[in-house]
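Trainee: I have a structure to read and some questions to ask. Can we go through it step by step?

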Amino acid sequence: MSEWIKTEEQLPHPDDIVLCADIYNSFVTLGRYIEDQDCFFLMNIDNVEVDSYPTHWRPLPNLPTED
């Protein structure tokens, strides 16, 4: 799997679903970069407020394969 990428250095392709991390709030979640709004839409979890702007992101790992 690839390393974490700083959002200030590179952003994911628009609408790609990626792992997002906010190192200041110790938060990792799924997110999607929305280019025309220049922000990430983060997956929310019931009863958990997300007040975070990702500082890092990384592509999702490959799905498992049947052996």
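Trainee: How many bridges pair strand 3 and strand 4?

Mentor: This is a predicted model, so keep that in mind throughout. One facing pair here is I34 and C39, the latter in strand 4. Strand 3 and strand 4 run in the antiparallel sense, and their bridges number four.

Trainee: Which residue in the turn of that hairpin has a positive phi?

Mentor: The hairpin of strand 3 and strand 4 has four residues between the strands. One residue in that turn has a positive phi of about 50°. That residue is D38.

Trainee: What is the strand order in the sheet?

Mentor: Begin with the elements. The protein has zero helices and five strands, and from the N terminus they run β-β-β-β-β. The sheet is open, with antiparallel pairing. Its order is 1-5-2-3-4.

Trainee: Which strands stand at the edges, and why is one side of each left without a neighbour?

Mentor: Look at the two ends of the order 1-5-2-3-4. Each edge strand has a single partner strand, so one side of each has no neighbour in the sheet. The edge strands are strand 1 (5-6) and strand 4 (39-42).

Trainee: What is the bridge partner of I5 in strand 5?

Mentor: Strand 1 and strand 5 run antiparallel and are joined by two bridges. I5 has its bridge partner in strand 5. That partner is W57.

Trainee: How many bridges join strand 2 to strand 5?

Mentor: These two strands also run antiparallel. Across them, V18 stands opposite P59 in strand 5. The number of bridges joining strand 2 to strand 5 is four.

Trainee: And which residue in strand 3 is the bridge partner of L19?

Mentor: Strand 2 and strand 3 pair in the antiparallel sense over six bridges. A21 stands opposite V28 in strand 3. For L19, the bridge partner in strand 3 is L30.

Trainee: Which residue takes a positive phi in the hairpin of strand 2 and strand 3?

Mentor: Four residues lie between these strands. One residue of the hairpin has a positive phi near 50°. The residue is S26.

Trainee: N25 lies in the loop between strand 2 and strand 3. What distance separates its C-alpha atom from that of S52?

Mentor: The loop holding N25 runs between strand 2 (17-22) and strand 3 (27-34). N25 is partly exposed, because its relative accessibility is 46%, between the cut-offs of 20% and 50%. N25 and S52 are 27 residues apart along the chain, yet their C-alpha atoms are separated by 7.3 Å.

Trainee: Is D22 buried or exposed?

Mentor: D22 is found in strand 2. D22 touches F27, S52, Y53, P54 and T55, not counting residues up to four places away in sequence. The C-alpha atoms of D22 and P54 are 4.5 Å apart, with their positions 32 residues apart along the chain. The relative accessible area of D22 is 5%, under the 20% cut-off, so D22 is buried.

Trainee: What kind of aromatic pair do F40 and Y53 form?

Mentor: The structure holds two aromatic pairs. In this one, the ring centres are 6.2 Å apart and the planes stand at 75°. An angle over 60 degrees is the cut-off that matters, so the pair is edge-to-face.

Trainee: Where do F40 and Y53 lie in the chain, and which residues does the cluster of ring pairs link?

Mentor: F40 is in strand 4 and Y53 in the loop between strand 4 and strand 5, 13 residues apart. F40 is buried at 9% relative accessible area, whereas Y53 is partly exposed at 41%. The cluster links Y33, F40 and Y53.

Trainee: Which residues form the nonpolar patch on the surface?

Mentor: The protein has about 5,500 Å² of accessible surface, and 49% of that belongs to carbon and sulfur atoms. The patch has about 330 Å² of accessible area together. One member, L60, lies in the segment after strand 5 (56-59) and is partly exposed at 39%. The patch is formed by I17, L30, M43 and L60.

Trainee: What percentage of the residues is buried?

Mentor: The protein has 67 residues. Among contacts with a separation of 6 or more, residues 24 or more positions apart account for 50%. Buried residues make up 30%.

Technical notes: Residues numbered from 1 in each chain as written. Predicted model: local features only at pLDDT ≥ 70, side-chain atom pairs only at ≥ 80, totals over all residues. Heavy atoms only, no water. Buried < 20%, exposed > 50% of the residue type's maximum accessible area, 1.4 Å probe, protein only. Contact = heavy atoms within 4.5 Å. Areas by Shrake-Rupley, 256 points an atom, 1.4 Å probe, with all protein chains shown as cover. Patch = residues over 30% accessible without salt bridge, like charges linked within 9 Å, V, L, I, M, F, W, Y side chains within 5 Å. Salt bridge = Lys/Arg side-chain N within 4 Å of Asp/Glu carboxyl O. Pairing = 2+ DSSP bridges. Phe/Tyr/Trp six-rings, centres within 6.5 Å; stacked < 30°, edge-to-face > 60°.
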